[in-house]
Number of protein chains: 2
Amino acid sequence: MGSSRRRALPTREQLHVWRGYVETAEVLRSRLGARLQSETSLSAGDYQVLLALSEASGGTMRSSTLAVTIGWERSRLSHHLGRMEKRDLIRRVPCDDDVHGIDVTLTATGAETFRAATVPHLRAVREMFADALTDEQLDQVEELTATLRRHLGLDPL
Amino acid sequence: MGSSRRRALPTREQLHVWRGYVETAEVLRSRLGARLQSETSLSAGDYQVLLALSEASGGTMRSSTLAVTIGWERSRLSHHLGRMEKRDLIRRVPCDDDVHGIDVTLTATGAETFRAATVPHLRAVREMFADALTDEQLDQVEELTATLRRHLGLDPL
DNA sequence: TCGGGGTGGTTGACGTGTCAATTCGGAGCG
DNA sequence: CGCTCCGAATTGACACGTCAACCACCCCGA
């Protein structure tokens, strides 16, 4: 049969599933972001950065390590850190043991803002996502995610 | 039991599934966007606009209708149309039958660029998404998407 | 006739993301 | 010593999104 050829186009139904998948994920992402923003004045990006830093010893991490940890490009991180520094959420200090290299560290306000944000944010995740699905469905999502990540050559998890 | 209380936080596993879900969808979205961009010099947004217009009779649609069709805010569409107009992909003309109201219409280059983009783009969707999943998995995704959309109060599909 | 609303669309400001170019200070090597 | 190459980080230009303010014109009711 020619129906399963390599470079064929997706069927109408495959396209339909795809559209639903991306659009729904996008809505979730943006709603959660909006809610986080309104409840805590942090963006999703801020949250990611603060989470990583708050889990690092001393609330401090090398900029490059941070970039890898949260999976961002260096330039993206640099821009974002600039904005966060202006808001006094983090500070950048050149680090001694490596001539290049910047240590990013939580400020007091950064730590406190993050601390105050975590419960509302987790609650939102539960309400918007986890509460919608049964345990079996969550297992399905996990399995599907793993399959897709494998297909895309991403690290599992 | 207190384990299913209303405002509880998500479990570690729920959070894990959530992270996998959004991050994977985001990777897919951005990879597909990058590929579209590099193969056709169109962004995902451009594609959405051109798709809607190319399906409209005469390659023309009222700006407000277009916004609703692709689910964008008016201001977002306005900004985007501005950029697309500069690149001669579309044109905006005040429409006669309604005093306010702008007709957005495909230019020749817009139509041709879109035409040339569709096969590569569909192929990419197939390769990156559809090819990764079995038919049963696609059904699961559709079902999960529907569940989430219901939960979020979105129109089905 | 005037004064609100409502609708359709634009604008400006600003945060966010990406890409390409740049800076800075070592290594390594002739 | 002078050269090039490399890795860490920054910068600038630009596309993209959102929010709030705005403009224009209509309609409707006092």
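This report walks through a predicted model of two protein chains and two DNA strands, starting with how the chains are related.

**How the two chains are arranged**

Let us begin with the symmetry. Chain A can be superposed on chain B by a rotation of 180° with 0.0 Å of shift along its axis, and the fit has an RMSD of 0.1 Å. The two copies are therefore related as by a two-fold rotation axis. If you would like to find that axis in the viewer, look for A25(A): among the residues of chain A, its C-alpha comes closest to the axis, at 3.2 Å. Both copies use the same surface, since 100% of the contact residues of chain A recur in chain B.

**The interface between the chains**

How many residues of each chain take part in the contact? On the side of chain A there are 48, and they meet 49 residues of chain B. The size of an interface is often expressed as the accessible area that is lost when the parts come together. Here, the area buried between chain A and chain B is about 5500 Å², with carbon and sulfur atoms giving 68% of it. In chain A, the residues that lose the most area to chain B are W18(A), Y21(A) and R126(A), which together make up 13% of what that side buries.

Which helices build this side of chain A? At least two residues each are supplied by α1 (12–40), α5 (108–128) and α6 (135–152) of chain A. The most come from α1(A), with 16 residues. Sorted by class, the side of chain A that touches chain B holds 26 nonpolar, 9 polar and 13 charged residues.

Polar pairing is also found here: 12 residue pairs are in polar contact across the interface of chain A and chain B, with both partners at pLDDT 80 or more. Salt bridges between chain A and chain B, however, number 0.

Side chains of opposite charge can pair when their charged atoms come close. Over all chains, the structure holds 16 salt bridges. One to look up is the salt bridge of E39(A) with R35(A), in which the closest N and O atoms are 3.2 Å apart. Both E39(A) and R35(A) sit in helix α1 of chain A, 4 residues apart, or about one turn of the helix.

**Around DNA strand C**

Now to the DNA. DNA strand C is surrounded by 20 residues, and the closest are S75(A), R83(A), S64(B), H79(B) and I102(B). Of the strand C atoms within 4 Å of the protein, 62% belong to sugar or phosphate, while the rest belong to bases. One base contact involves H79(B), where an N or O atom of the side chain is 2.7 Å from a base oxygen of DNA strand C.

Elements giving two or more residues to the surface near DNA strand C are α4 (74–86) of chain A, along with α3 (63–70) and α4 (74–86) of chain B. The largest share, 5 residues, comes from α4(A). By class, the residues of this surface near strand C are 2 nonpolar, 12 polar and 6 charged.

**Around DNA strand D**

DNA strand D likewise has 20 residues around it, of which S64(A), H79(A), G101(A), I102(A) and S75(B) come nearest. Sugar and phosphate make up 61% of the strand D atoms that come within 4 Å of the protein.

The surface near DNA strand D draws two or more residues from each of these elements: α3 (63–70) and α4 of chain A, and α4 of chain B. Which helix gives the largest share of the surface near DNA strand D? That is α4(B), with 5 residues. The class split for the surface near strand D is 2 nonpolar, 12 polar and 6 charged.

**Phosphate contacts in brief**

Here are some contacts to phosphate oxygens, listed by residue.

| Residue | Atom of the residue | Partner | Distance |
|---|---|---|---|
| E73(A) | polar side-chain atom | phosphate oxygen, DNA strand C | 3.3 Å |
| R83(A) | polar side-chain atom | phosphate oxygen, DNA strand C | 2.8 Å |
| S64(A) | polar backbone atom | phosphate oxygen, DNA strand D | 2.8 Å |
| R92(A) | side-chain N or O atom | phosphate oxygen, DNA strand D | 3.0 Å |
| E73(B) | side-chain N or O atom | phosphate oxygen, DNA strand D | 3.3 Å |

Conventions
Residues are numbered from 1 along each chain as its sequence is written. Chains are lettered from A and ligands numbered from 1 in the order in which they are written. This is a predicted model: local features need pLDDT of at least 70, side-chain atom pairs count only at pLDDT 80 or more; totals for chains, interfaces and linings use all residues. Side-chain values use heavy atoms; hydrogens and water are left out. Copies are superposed by least squares on the C-alpha atoms of residues with pLDDT of at least 70 in both. Contact means heavy atoms within 4.5 Å. A residue is near a molecule or strand if one of its heavy atoms lies within 4 Å of it. A polar contact is a pair of N or O atoms within 3.5 Å; within protein, one must be able to donate a hydrogen and the other to accept it, and residues adjacent in sequence count only if both atoms are side-chain atoms. Ala, Val, Leu, Ile, Met, Phe, Trp, Tyr, Cys and Pro count as nonpolar, Asp, Glu, Lys and Arg as charged, and the others, Gly among them, as polar. Buried area is the accessible area (1.4 Å probe) that two parts lose on being put together, summed over both. A salt bridge is a side-chain nitrogen of Lys or Arg within 4 Å of a carboxyl oxygen of Asp or Glu.
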